[in-house]
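Take a walk through this model. We start with the domains and end with the backbone.

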Amino acid sequence: MSAPKHGRAGGKARAQRGNGIDATGEQLQAVIIAAHGRHYLAEADGEKLQCVTRGKKTNVAVGDQVMLTRTSADQGVIDEISERRTLLYRSDQYKSKLLAANLTQLFIVVATEPGFADDLVSRALVAAEAAGIKAHLILNKTDVVESLAKTRERVQPYAALGYPVYEVSAKAQPEQTLATLKPLLAGQSSILIGQSGMGKSSLINLLVPEADIAVREISAALDTGKHTTTFTRLYQLPELGPDSAIIDSPGFQEFGLYHLSEGMLERAFVEFAPYLGHCKFYNCRHLSEPQCAVLDAIADGKIAKMRHTLYGQLLHESAQTLY
Ligand SMILES: Nc1nc2c(ncn2[C@@H]2O[C@H](COP(=O)(O)OP(=O)(O)OP(=O)(O)O)[C@@H](O)[C@H]2O)c(=O)[nH]1
Ligand SMILES: [Zn+2]
């Protein structure tokens, strides 16, 4: 039976569920699959609804499980956000921005070319640690052999910290890439994060062949303007089992972490763990204090200087928040 059309042309309107019964006012459980400003797209039982929040609330994130009330064929109002298992943020001096809710893991995509920024990789790792989300690296474009050895060297310190690194080539070896990634994604809610140009879209398109169509559909529903792909969106991966989903976030150059407290920061640098509690001063900030176990570990080559430099930068950011 073809669905009656309401409102927007081409929309998959289904206000009248079953046999002509008006479903306006119906309560639905849904997952937020895209967010653009204060407009959200929710998916309930395979059906997509454009949603807004009540009042001026903007605390909804992609990945949120919500209860909503249907207000028309393809629209709803979000009434309630279910308790989140995890919440990934980034932030600047002025406010924090929700990246995604209920993630179980994060993948940072780097590539042999163009070069990637260690700063961004470590920031994503720190954000994942602070949110209680497992982090991995994907090293893409292994077919660019002339840069492979150098790039392997560059990701080695992250592997040494315990973050798994998976080598793939979305373009040259799509089948192997899928064989590597699919088992990792099964049963998980994952986000891909990466600088522009690393091949994140290529990976998403491999995993979700209909992603481009979905993006166009979502852009239309959220009215994001023609070529905007700067919104975070969630794709269900039903063939990998229930609860399997992948979230694609826009490529960004900045990953502010102003919202993290000092205590959260020292714990988010996993390599500091053996030394915490061994400094002379109980409230040591591990910056320039005498007899600091963390600084000693750097001097001994046990902690990478680059990571400590970022830690110092993040402590500084943490002190700058205006909210
Ligand atoms: N050689 C090689 N090139 C690749 C591979 N994967 C992606 N590329 C290319 O790298 C470029 C960037 O890929 P995208 O998938 O658009 O990268 P992205 O990270 O999504 O970048 P933005 O769209 O800018 O956010 C494109 O020209 C791809 O064709 C790969 O495995 N090997
Ligand atoms: Zn210290």
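The chain of this predicted model is divided into three stretches: domain 1 covers residues 16-81, domain 2 covers 87-248 and domain 3 covers 264-318. Take domain 2 and domain 3. Their C-alpha centres are 28 Å apart. Where they meet, 9 residues of domain 2 contact 10 residues of domain 3. On the domain 2 side, helix H1 supplies the largest share, with 6 residues. That side splits into 4 nonpolar, 2 polar and 3 charged residues.

Next, the interior. Nonpolar side chains in soluble globular proteins tend to be buried together. Here the largest nonpolar core has 73 residues. Within this core, Ile32, Ala42, Leu106, Ile108 and Val110 touch the most other members. Helix H1, residues 118-131, gives the core its largest share, 7 residues. A second core is separate and has 5 residues, among them Cys284, Cys292, Val294 and Ile303.

Which residues does Ala42 touch, leaving out those up to four places away in sequence? Four of its partners are Ala30, Val31, Ile32 and Ile33. The others are Leu49, Cys51, Val66, Leu68 and Gly76.

Now the ligand. Around ligand 1 there are 17 residues, and Ser196, Gly199, Ser201, Ser202 and Gly251 come nearest. By type, the shell holds 4 nonpolar, 9 polar and 4 charged residues. Which helix gives the most to this shell? Helix H4, residues 200-207, does, with 3 residues.

H4 deserves a second look. Its residues Lys200, Ser201, Leu203, Ile204 and Leu207 are buried. Viewed down the helix axis, the buried residues of H4 fall within an arc of 160 degrees, so they line one face of the helix. What do they pack against? The list includes three strands, E10 (105-111), E11 (134-140) and E13 (189-194), along with strand E15. It also includes helix H3 (174-185) and helix H5 (211-222).

Lys200 leads on to Pro250. The two are 50 residues apart along the chain, and their C-alpha atoms are separated by 9.3 Å. Pro250 sits in the loop between strand E15 (245-248) and helix H6 (262-268). Is Pro250 buried or exposed? Pro250 has 13 other C-beta atoms within 10 Å, so it counts as partly exposed.

Last, the backbone. Most residues other than glycine have a negative phi, and most peptide bonds are trans. Three places in this chain are worth checking against that background. At one of them, a cis peptide bond joins Glu113 and Pro114, with omega about -5 degrees. Pro114 is in the loop between E10 and H1.

Another is Asp45, whose phi is positive, near 55 degrees. Asp45 lies in the loop between strand E4 (39-44) and strand E5 (47-53). Asp45 counts as exposed because it has 7 C-beta neighbours inside 10 Å.

Then there is Lys141. This residue also has a positive phi, near 65 degrees. Lys141 lies in the loop between E11 and helix H2 (148-160). With 25 other C-beta atoms within 10 Å, Lys141 is buried.

Note on methods
Residues are numbered from 1 along each chain as its sequence is written. Chains are lettered from A and ligands numbered from 1 in the order in which they are written. This is a predicted model: local features need pLDDT of at least 70, side-chain atom pairs count only at pLDDT 80 or more; totals for chains, interfaces and linings use all residues. A nonpolar core is a set of buried Ala, Val, Leu, Ile, Met, Phe, Trp, Tyr and Cys residues joined through C-beta atoms within 7 Å. A residue is buried if 20 or more other C-beta atoms lie within 10 Å of its own, exposed if 12 or fewer, and partly exposed in between; C-beta atoms are placed from the backbone. Helices (H or I, at least four residues) and strands (E, at least two) are DSSP runs, numbered from the N terminus. Two residues are in contact if their C-beta atoms, placed from the backbone, lie within 7 Å. A residue is near a molecule or strand if its C-beta atom, placed from the backbone, lies within 6 Å of it. Ala, Val, Leu, Ile, Met, Phe, Trp, Tyr, Cys and Pro count as nonpolar, Asp, Glu, Lys and Arg as charged, and the others, Gly among them, as polar. Domain bounds come from an automatic or database domain assignment. The arc is that of the directions from the helix axis to the C-beta atoms.
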